[in-house]
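Happy to walk through this one with you. Let's ask what each label rests on and check it against its definition.

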Number of protein chains: 2
Amino acid sequence: MRSDARANRDRVLAAAEEVFGEAGGAGSTEEVARRAGVGIGTVFRHFPTKQALVEATVVRHLTLLADTARARGEAADAGAAFRETFREMVFTAPAKIALLALLEVPAGEAVAAATVLREAVADLLSRGQQAGEVRVDATVSEVYVLITALANVRGDRAVLERAVGVVLDGLSPQAS
Amino acid sequence: MRSDARANRDRVLAAAEEVFGEAGGAGSTEEVARRAGVGIGTVFRHFPTKQALVEATVVRHLTLLADTARARGEAADAGAAFRETFREMVFTAPAKIALLALLEVPAGEAVAAATVLREAVADLLSRGQQAGEVRVDATVSEVYVLITALANVRGDRAVLERAVGVVLDGLSPQAS
DNA sequence: TATTATCCGGAGTGAAGACTCCGAATGAGA
DNA sequence: TCTCATTCGGAGTCTTCACTCCGGATAATA
C-alpha cells in the first residue's frame with residue numbers, strides 16, 4: 001500500500017467519524033470527501049460503499065470503547081468502573097452512530113466489534129454486582145438498551161447528565 | 001370541503017402515522033399515498049409539504065397523548081398516573097416520531113401541541129412528587145429526555161420493559 | 001338531469017446523492 | 001533519473017424522492 005494511500009485512508013476515516021457523528025446516517029459521502037480534503041473517487045476506492053464506510057467508522061469506535069472498558073475492568077472500584085464506562089459510552093459523540101450498525105443490516109466485522117464491546121460491558125456489570133454496587137437483577141440487555149437510548153439524545157448536556165444520574169440511581173442496589 | 005376530500009384526508013393521515021411510525025422520517029410520501037389508496041397528487045394537495053404532513057401526524061398524536069395524560073391527572077393515585085403515562089408515551093409506537101418535531105425546525109402548531117403535552121407531564125410529575133411517590137429533585141427536563149430516549153428504542157419489547165422499570169426505579173424517592 | 005366548482009390521479013420535473021470511469025499525477029524501485 | 005504500477009480527482013451516470021401540472025372524474029346544487 002502506497003504511503004499517500006494510507007494517509008488518505010486515515011484522513012477519510014477521521015472525516016467520516018466527524019460527519020456521521022454530527023449528521024448521523026444522513027451525512028453525505030461528498031461532505032466526508034470535502035472535509036478529508038480528498039476527491040470522492042478516493043473515498044469510494046478505499047470504501048466501496050457508503051455502508052462500508054459507516055461500518056469501518058463504527059468498528060473503529062466500538063473497538064476503542066471496548067479497549068478502555070476492558071482497561072477499566074482491572075480497576076479496584078468495580079462500581080465506579082461500571083459507572084464511568086456507562087457515562088463515556090453515552091457522552092462520546094460518535095457513539096451516537098453505533099445504532100446505525102443495529103438499524104441497518106450489520107455485516108461481519110461490525111457484529112464482532114459490537115459483541116466484544118457488549119462482553120466488556122457484561123464483565124463490568126457482573127463485577128459491579130459482585131461488589132454490591134449494582135443491583136443484581138439487572139442484565140446486560142437492559143443496560144445496553146439504556147446506554148444506546150441515552151446515547152442518541154441531542155440537546156442540553158446538563159439535562160442529559162441529570163438523566164444519566166437518574167438511570168444510574170435506578171441501577172443501584174437500593175432501587176430494586 | 002367535499003366529502004371525498006375529507007375522507008381522503010383522514011386516510012392519508014392514518015397511512016402517514018403508519019409509515020412514519022415504522023420508517024421514521026425516511027418513510028416516503030409515495031408509500032403513504034400507496035397505503036392510503038390515493039394518488040401522490042392528493043397527498044400534496046392536502047399537505048403542501050412532506051414536513052407539513054409529518055407535522056400534522058405528530059400534532060395529532062401529541063394531542064391524543066396530552067388528552068389521556070390530563071385525564072389521568074384526575075385519578076386518585078398520583079404515582080400510578082405518572083408511571084402509566086410514562087409507559088404509554090414510551091410504548092405507543094407512533095410516539096417514536098415525536099422526535100422529528102424536535103430534530104427538524106418545528107413550526108407553530110407542533111410546538112404548541114408539544115408544549116401542551118409537556119405541561120401535562122409536568123403536572124403529573126409534580127402531583128406525583130407531592131404524593132411522595134416521585135423523587136423531588138427530578139425536573140420535567142430530564143423526565144422528558146428519558147421518555148423520548150426510550151421511545152426511540154426498537155427491539156425486544158420485554159427488554160425495553162425492564163429498562164423502563166429501571167428508570168422508574170431511578171425516579172422513585174428512595175433512589176435519590 | 002344538467003351544471004360547475006372542486007377534487008383526483010399519475011406522468012413529468014428538478015435536485016440530491018451514491019457510485020463509476022478514466023486521464024492525470026505520483027510514490028517507489030531499478 | 002526513469003519507469004510504471006498505483007492512486008488521485010472530479011465530471012458524469014443512475015436512481016430516488018419531493019413536488020408540480022393538468023386533463024379527467026365526481027360531489028353538490030338547482
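Q: What is the volume of the largest cavity, and what makes a space a cavity here?
A: The largest cavity has a volume of about 40 Å³. A cavity is a set of points, on a 1 Å grid over the protein atoms alone, where a 1.4 Å probe fits but cannot get out. Grid points are joined across faces, edges and corners, and the volume is the space filled by probe spheres set on the points. By this rule there are three cavities of 30 Å³ or more.

Q: What kind of model do these values come from, and how are things numbered?
A: This is a predicted model, in which local features need pLDDT of at least 70 and side-chain atom pairs count only at pLDDT 80 or more, while totals for chains, interfaces and linings use all residues; side-chain values use heavy atoms, with hydrogens and water left out. Residues are numbered from 1 along each chain as its sequence is written, and chains are lettered from A and ligands numbered from 1 in the order in which they are written.

Q: Why are Phe82(A) and Ile147(A) called lining residues of the largest cavity?
A: Lining residues have an atom within 4 Å of a cavity point. The residues that line the largest cavity are Phe82(A), Thr85(A), Phe86(A), Met89(A), Val121(A), Leu124(A) and Ile147(A). Helix H5 (78-91) of chain A gives the most, with four residues; helices here are DSSP runs (H or I, at least four residues), numbered from the N terminus.

Q: How is the lining of the largest cavity divided by class?
A: The lining has six nonpolar, one polar and no charged residues. Ala, Val, Leu, Ile, Met, Phe, Trp, Tyr, Cys and Pro count as nonpolar, Asp, Glu, Lys and Arg as charged, and the others, Gly among them, as polar.

Q: Which residues come nearest to DNA strand D, and what makes a residue near?
A: A residue is near if one of its heavy atoms lies within 4 Å of the strand. Of the 20 residues around DNA strand D, Arg2(A), Asn8(A), Arg45(A), Thr29(B) and Lys50(B) come nearest.

Q: Why does the pair between Arg2(A) and DNA strand D count as a polar contact?
A: A polar contact is a pair of N or O atoms within 3.5 Å. A polar side-chain atom of Arg2(A) lies 2.2 Å from a base oxygen of DNA strand D, so the pair qualifies. A side-chain N or O atom of Thr29(B) is 2.6 Å from a phosphate oxygen of the strand, so that pair qualifies too.

Technical notes
Polar contact = N/O pair within 3.5 Å; in protein donor to acceptor, adjacent residues only side chain to side chain. 1 Å grid on protein atoms, 1.4 Å probe; cavity = no way out; pocket = protein on both sides within 12 Å on 5 of 7 lines; lining within 4 Å. Helix = DSSP H or I, 4+ residues; strand = E, 2+ residues; numbered from the N terminus.
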